[in-house]
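Subject: Structure for your review

Dear colleague,

Please find below the structure that I am handing over to you. My account of what was found in it follows, and I would ask you to read it with the structure open.

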Amino acid sequence: MVLTTDWVRLLIVCVFFTAAACAIAWFTGLTSPKPFLKAAVRAVVQLAAVSAVITFVLTHLGLTWAFLVVMAAVATATSARRTGTGRKGVWVALAILAGAVPALGLLLATGLLPVEGIALIPVGGILIGGAMTATTLSSRRALDTLSERYGEYEAARATGFGERDAVRLIIRGSAAEALLPPLDQTRTVGLVTLPGAFVGMLLGGAPVWQAGALQIVVLLALLAVESAAVATVVELVARGLIRRASQESEVRLT
């Protein structure tokens, strides 16, 4: 085991790490401590709640699927809030699910992933979480770029580009930057990081080769899922389905 179950020591270390993050952010002027405190408290509460119900959920396949739906809904709400798209944020669900659902379906169809809660929830959570991160990062970069380079957008429209093509031309490169983290994680796996699926299987007593096989499948699935998410975001932004309120008014004026 990596951690002992000495709850006093565990609490002290967790408080220390949270305080360190808050102090570093505060004294270096990066941000206020509030986001770190809120994130830490939410993590504790959420994990406690999940731990309380997870055993029951895992024994009922219907509840397992319902739990995955809740994961997707929370991911959508989180990404929509981060991108500041308001009511239009519901469209980020399409980006999150565009890759996660087919990837999960393929793993189930090939038999690599058993139709059991103990497998569906962790792998589904990894795929949905990866899609959420890619959607949030690509949406923020795309929308920021559209604002910063709005003059180029207008120039493209003036030379005959339609709205969709003009927006795509401006935002594709910046949106693609959301793929750098998964690419780097895949390139450096085993050399820099040992991801969660690999470590989890090892701690569970699985053979090293089996843990490695699962991890490579998950990593490559994440590449596909996050690529699909970013591509979907680009298309949705280009079609005006993901926009901030200020940008909607700007585009209408042209």
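With which residue does arginine 149 form a salt bridge, and how far apart are the closest N and O atoms? The partner is glutamate 152, and the closest N and O atoms are 2.7 Å apart. Please bear in mind that this is a predicted model.

Salt bridges

As general background, side chains of opposite charge can pair when their charged atoms come close. The structure holds eight salt bridges, and I describe some of them here.

In the pair introduced above, arginine 149 has a relative accessible area of 31% and glutamate 152 has one of 39%. Buried means under 20% and exposed means over 50%, with partly exposed in between. Arginine 149 is therefore partly exposed at 31%, and glutamate 152 is likewise counted as partly exposed because its value is 39%.

A second salt bridge is formed by glutamate 235 and arginine 164, with 2.6 Å between the closest N and O atoms. This pair links distant parts of the chain, since glutamate 235 belongs to helix H10 (residues 208-238) and arginine 164 to helix H7 (residues 163-175), 71 residues apart. Is glutamate 235 buried or exposed? Its relative accessible area is 19%, so glutamate 235 is buried. Arginine 164, at 32% relative accessibility, counts as partly exposed.

A third salt bridge joins the side chains of aspartate 184 and arginine 187, at 3.5 Å from N to O. Both residues lie in helix H8 (residues 180-188), where they are three residues apart, about one turn of the helix. Aspartate 184 counts as partly exposed because its relative accessibility is 39%, whereas arginine 187 reaches 60% and so counts as exposed. Elsewhere, salt bridges that share partners join Arg164, Asp165, Arg168, Glu235 and Arg239 into one network.

Patches on the surface

Which residues gather in a patch of positive charge on the surface? They are Lys34, Lys38, Arg42, Arg81, Arg82 and Arg140. Two elements, helix H2 (34-58) and helix H3 (61-83), give two or more residues to this positive patch. H2 gives the most, with three residues. Arginine 140, also a member of the patch, lies in helix H5 (residues 117-148). Its relative accessibility is 36%, so arginine 140 counts as partly exposed.

The surface also carries a nonpolar patch, formed by Val13, Phe16 and Phe17. Together these residues have about 340 Å² of accessible area. Valine 13 is found in helix H1 (residues 7-27), and it is partly exposed because its relative accessible area is 40%.

A buried residue

Threonine 64 lies in helix H3. Why is threonine 64 described as buried? Its relative accessible area is 0%, and it is therefore buried. With which residues is threonine 64 in contact, leaving aside its neighbours within four places in sequence? The contacts are with Val57, Leu58, Gly117, Leu120 and Ile121.

I would suggest finding arginine 149 and glutamate 152 in the structure as a starting point, as these two residues form the salt bridge raised in the opening question.

Yours sincerely,
A colleague

Conventions
Residues numbered from 1 in each chain as written. Predicted model: local features only at pLDDT ≥ 70, side-chain atom pairs only at ≥ 80, totals over all residues. Heavy atoms only, no water. Patch = residues over 30% accessible without salt bridge, like charges linked within 9 Å, V, L, I, M, F, W, Y side chains within 5 Å. Areas by Shrake-Rupley, 256 points an atom, 1.4 Å probe, with all protein chains shown as cover. Salt bridge = Lys/Arg side-chain N within 4 Å of Asp/Glu carboxyl O. Lys, Arg positive; Asp, Glu negative; His and termini not counted. Charge placed at Lys NZ, Arg CZ, Asp CG, Glu CD. Helix = DSSP H or I, 4+ residues; strand = E, 2+ residues; numbered from the N terminus. Buried < 20%, exposed > 50% of the residue type's maximum accessible area, 1.4 Å probe, protein only. Contact = heavy atoms within 4.5 Å.
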